[in-house]
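Could you give me a guided walk through this model in my viewer? I would like to know what to select at each stop and what I will find there.

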Amino acid sequence: MSIPIAIARHQGMEALELCAPDGARATVLLHGGHVLSWVPTGADEQLYVSPKTAMASGQAIRGGVPVIFPQFAARGPLQRHGFARTKPWQLVMAEQGEGDALAVLRLSDDAATRMFWPHAFELELSVRVAGRDLEIELACENKGEEMFSFSAALHSYLGLGALGDASVQGLAGLSYWDSVDGVERSQRTDLLLPGSPGAQDLDRIYYQVKQDLTLQELTAAGERRVSIQQQGFEDAVVWNPGAAKCAALADMPADGYQHFLCIEAAQVERPVQLAPGESWVGRQSLSLA
Ligand SMILES: O=P(O)(O)OC[C@H]1O[C@@H](O)[C@H](O)[C@@H](O)[C@@H]1O
């Protein structure tokens, strides 16, 4: 039997507090279709949210999982990372099932989106939490009469005790665009150490990511491993602003960069082309070992 979940309030915003029967929890805001919190069964919070983030309509939230659509970063004429993360989404359904909790949200074009991006679209975001897993799925349908293309990402901010204790596994052999110095490179080592001594900001778009990635962190309690799988999305973005760029972010404390690494499922290098009536689906699945 499933139990409906009603819209609640979280830090003044409309939110869905998903809670699976096994205790796994996630908070999803209608603002931006934004996953703000993920607490697996028997574990602590896994996502970072900046204590200085804006929490207001029309503004981007620094942390959690922003939905990036239809433009990635400044790669186009729209506002950075597109408009989906700052729009109010509609609730389609939310319920606690027998073994999970699920929410489905929708965002469609309106007069404001058509002013900047003249296309009829429907986005659907599904967030499912159960046990040690969080699955986020983004679907886009072309509801208009002309072809359009878009980029998208699930911009997950994975929380960390200290950046220097973290590493990412699974990137060996991949080509990437280094957005810091604007060069294409290839990853030789399997282990990426984002906080190694002397490390600056890290901002990379890895292409054609088919393998699973693992975020590993050495903690006082031992080792934490979060596996990151993606489907539909071809690229993965790894981002940390480092000390200098973090200091320039008004919505982050000076040491904020120490406490997260973004590992984003993304479609950047080859934007999705959708003919009228066609759909695309991308998914990021996070699993705490
Ligand atoms: O500050 P924003 O718009 O949320 O973007 C944060 C970062 O998002 C990442 O996805 C980009 O690769 C970075 O270049 C960018 O700085």
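The stops below go from the ligand to the annotated residues and then on to the sheets. Keep in mind along the way that this is a predicted model.

**Stop 1: the ligand**

Select the ligand and show the residues around it. Its surroundings are Ala60, Ala73, Arg80, His81, His155, Ser179, Asp203, Val237, Trp239 and Glu264. If you colour this shell by residue class, you will get four nonpolar, three polar and three charged residues.

**Stop 2: the annotated pair**

Keep His155 and Glu264 from that shell on screen. In the unreviewed UniProt entry, the annotation "active site" covers these two residues. They are spread over 110 residues of sequence, yet they cluster in space, with a largest C-alpha distance of 4.5 Å.

Centre on His155 now. You will find it in the loop between β11 (148-154) and β12 (157-159). His155 counts as buried because it has 24 C-beta neighbours inside 10 Å, and the threshold for that label is 20 or more. Leaving out residues within four places in sequence, its contacts are Val65, Pro66, Ile68, Cys262 and Glu264.

Move across to Glu264, which sits in strand β21 (residues 260-274). Glu264 is buried too, because 26 C-beta neighbours lie inside 10 Å. Beyond residues up to four places away in sequence, Glu264 touches Ala153, Leu154, His155, Ser156, Ala236 and Val237.

**Stop 3: the sheet of 10 strands**

Switch to a cartoon view and follow the strands in the order β1-β7-β8-β9-β10-β22-β19-β18-β13-β16; they form an open sheet with antiparallel pairing. The edges are β1 (3-4) and β16 (191-192); each has a single partner strand, so one side of each is left without a neighbour in the sheet.

Next, zoom in on strand β10 (residues 133-142) and show its side chains. Which of them point to the buried face? They are Leu134, Ile136, Leu138, Cys140 and Asn142, whereas Asp133, Glu135, Glu137, Ala139 and Glu141 point to the other face and are not buried. In general, side chains of a regular strand alternate between the two faces of the sheet.

Add the partners of β10 to the selection:

- Strand β9 (residues 121-130) pairs with β10 in the antiparallel sense over 10 bridges. Here Leu123 has Cys140 as its bridge partner.
- The two strands β9 and β10 make a hairpin with two residues between them, and Gly131 in the turn has a positive phi of about 55 degrees.
- Strand β22 (residues 279-288) pairs with β10 over nine bridges, again antiparallel. Look for Ser279 in β22, the bridge partner of Glu141.

One more step takes you to strand β8 (residues 101-108), which is antiparallel to β9 over eight bridges. Ala103 stands opposite Val127 in β9.

**Stop 4: the sheet of four strands**

Finally, select the open sheet with the order β2-β3-β4-β5, where four strands pair in the antiparallel sense. Its edge strands are β2 (8-10) and β5 (34-39), each paired on one side only. On average, neighbouring strands here are turned by 35 degrees against each other, with direction ignored.

For a closer look, pick β2 and strand β3 (residues 13-19), an antiparallel pair joined over three bridges. Ala8 stands opposite Ala15 in β3, and that pair is a good place to end the tour.

Definitions and conventions. Residues are numbered from 1 along each chain as its sequence is written. This is a predicted model: local features need pLDDT of at least 70, side-chain atom pairs count only at pLDDT 80 or more; totals for chains, interfaces and linings use all residues. A residue is near a molecule or strand if its C-beta atom, placed from the backbone, lies within 6 Å of it. Ala, Val, Leu, Ile, Met, Phe, Trp, Tyr, Cys and Pro count as nonpolar, Asp, Glu, Lys and Arg as charged, and the others, Gly among them, as polar. Two strands pair if DSSP finds at least two bridges between them. Axes are lines fitted to C-alpha atoms, for helices over the stretch in contact, and angles run from 0 to 180 degrees between N-to-C directions. UniProt positions are given in the numbering used here, feature names are shortened, and annotations may be inferred rather than shown by experiment. A residue is buried if 20 or more other C-beta atoms lie within 10 Å of its own, exposed if 12 or fewer, and partly exposed in between; C-beta atoms are placed from the backbone. Two residues are in contact if their C-beta atoms, placed from the backbone, lie within 7 Å.
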